[in-house]
Amino acid sequence: MTPLRSVCVFCGSSPGVDGRHADAARDFGARLARRGLTLVYGGARRGLMGALADAALEDGGRVTGIIPRGLWAREVGHTGLSELLVVDTMHERKALMAERADAFVALPGGAGTLEELFEAWTWAMLGIHAKPVAVLDVDGFFAPLLAMVDHMTEAGFVRAAHRQMLLVDDDADRLLARLAAYEPPAVERWLTPDEQ
Ligand code: AMP
C-alpha cells in the first residue's frame, strides 16, 4: 500500500449557486491541511478551486497548483500557493497531476471536473495508475451522475469490478480514511510506460 501523502482535487472553477458547495470545498481543504496531506489541484484562484486552496493554505497546508500556460496568462491563477507549476498543455497538466498525487477526489463542479474525474477513473481501469479515485458526494450533488454510472454498469458497458474502483462517500473524514487504506484491485496487467 502506497502511503497517502497528497490528494489531487477536481472541482468547479465557478462558485456555484448553493453556498454548501463552497463550504464543502473549504472544509475539505482544511481537512487535507490538518492531516498533513498536500493538495494538488488546477491552480485557479476562483470558484470552489480557490476556496479549497485558500482553506488549505490558511490551515498551514501545502498546496501545489498545476496550470496550463494559457490559463495562467488569463490571470485566473492563484499567486499565493506553496508551489505553482505552469505547463504547456492540458494533457501535460493531467499527466503531472497524476504523477504528483496519491489519490484523486472530485467535489462539485462542471464539465471540467467531470472530464478530469472520468479520465482518472479510466486510467485506473486500464491500469495506467493504481491510485484511488473518489467522489465526495456533497448533499447528493453527484446522485444523477452515479445513477448514470450504475445504469452503464447494468447495461454492461462498465464492469462491476471497475464500478467498485470509483469510491463514493458523503463524509470527508471517512473518505480520506478510505483513500489511506485503499488497496488497488488485481488487474489483468498493468500497462508499461511505453503502452500508455
Ligand atoms: P469546471 O468544473 O468546468 O469549472 O472545471 C474545473 C476543472 O477544470 C478544475 O479541476 C481545473 O483543473 C480545470 N479548470 C477549469 N477552468 C479552470 C480555470 N479557470 N483555471 C484553472 N483550472 C481550470
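**Ligand pocket and fold, question by question**

In this predicted model, D139 sits in the loop that runs between strand 6 (133-136) and helix 6 (143-154).

Me: What makes the phi of D139 worth a look?
Reply: Phi there is near 45 degrees, a positive value, and D139 is not a glycine. Most residues other than glycine have a negative phi.

Me: Why is the pair between S13 and the ligand called a polar contact?
Reply: The cut-off is 3.5 Å between N or O atoms. An N or O atom in the S13 side chain is 2.7 Å from an oxygen atom of the ligand, so the pair counts as a polar contact.

Me: What makes R93 and E116 pass that test too?
Reply: R93 has a polar side-chain atom 2.8 Å from a nitrogen atom of the ligand. For E116, a polar side-chain atom lies 2.5 Å from a ligand oxygen atom. Both values are within 3.5 Å, so both pairs qualify. As for cover, the ligand taken alone exposes 490 Å², and the protein buries 87% of that.

Me: Which residues come nearest to the ligand, and which helix gives the largest share of its shell?
Reply: There are 16 residues around the ligand, and S13, R93, G110, T113 and E116 come nearest. Helix 5 (residues 111-126) gives the largest share of the shell, with 4 residues. Sorted by class, the shell has 7 nonpolar, 7 polar and 2 charged residues. The space the ligand takes is the largest pocket.

Me: How many helices and strands are there, and how do you know that the chain is as compact as a globular protein of its length?
Reply: The protein chain has 8 helices and 7 strands. Its radius of gyration is 16 Å, and the globule rule gives 16 Å for 196 residues, so the chain is as compact as a globular protein of that length. The C-alpha trace spans about 45 × 40 × 30 Å along its principal axes.

Conventions: Residues numbered from 1 in each chain as written. Predicted model: local features only at pLDDT ≥ 70, side-chain atom pairs only at ≥ 80, totals over all residues. Heavy atoms only, no water. Near = heavy atom within 4 Å. Polar contact = N/O pair within 3.5 Å; in protein donor to acceptor, adjacent residues only side chain to side chain. Areas by Shrake-Rupley, 256 points an atom, 1.4 Å probe, with all protein chains shown as cover. 1 Å grid on protein atoms, 1.4 Å probe; cavity = no way out; pocket = protein on both sides within 12 Å on 5 of 7 lines; lining within 4 Å. Sits in = over half its atoms within 2 Å of the grid points. Helix = DSSP H or I, 4+ residues; strand = E, 2+ residues; numbered from the N terminus. Nonpolar A, V, L, I, M, F, W, Y, C, P; charged D, E, K, R; others polar. Rg over C-alpha atoms; globule rule 2.2 N^0.38 Å.
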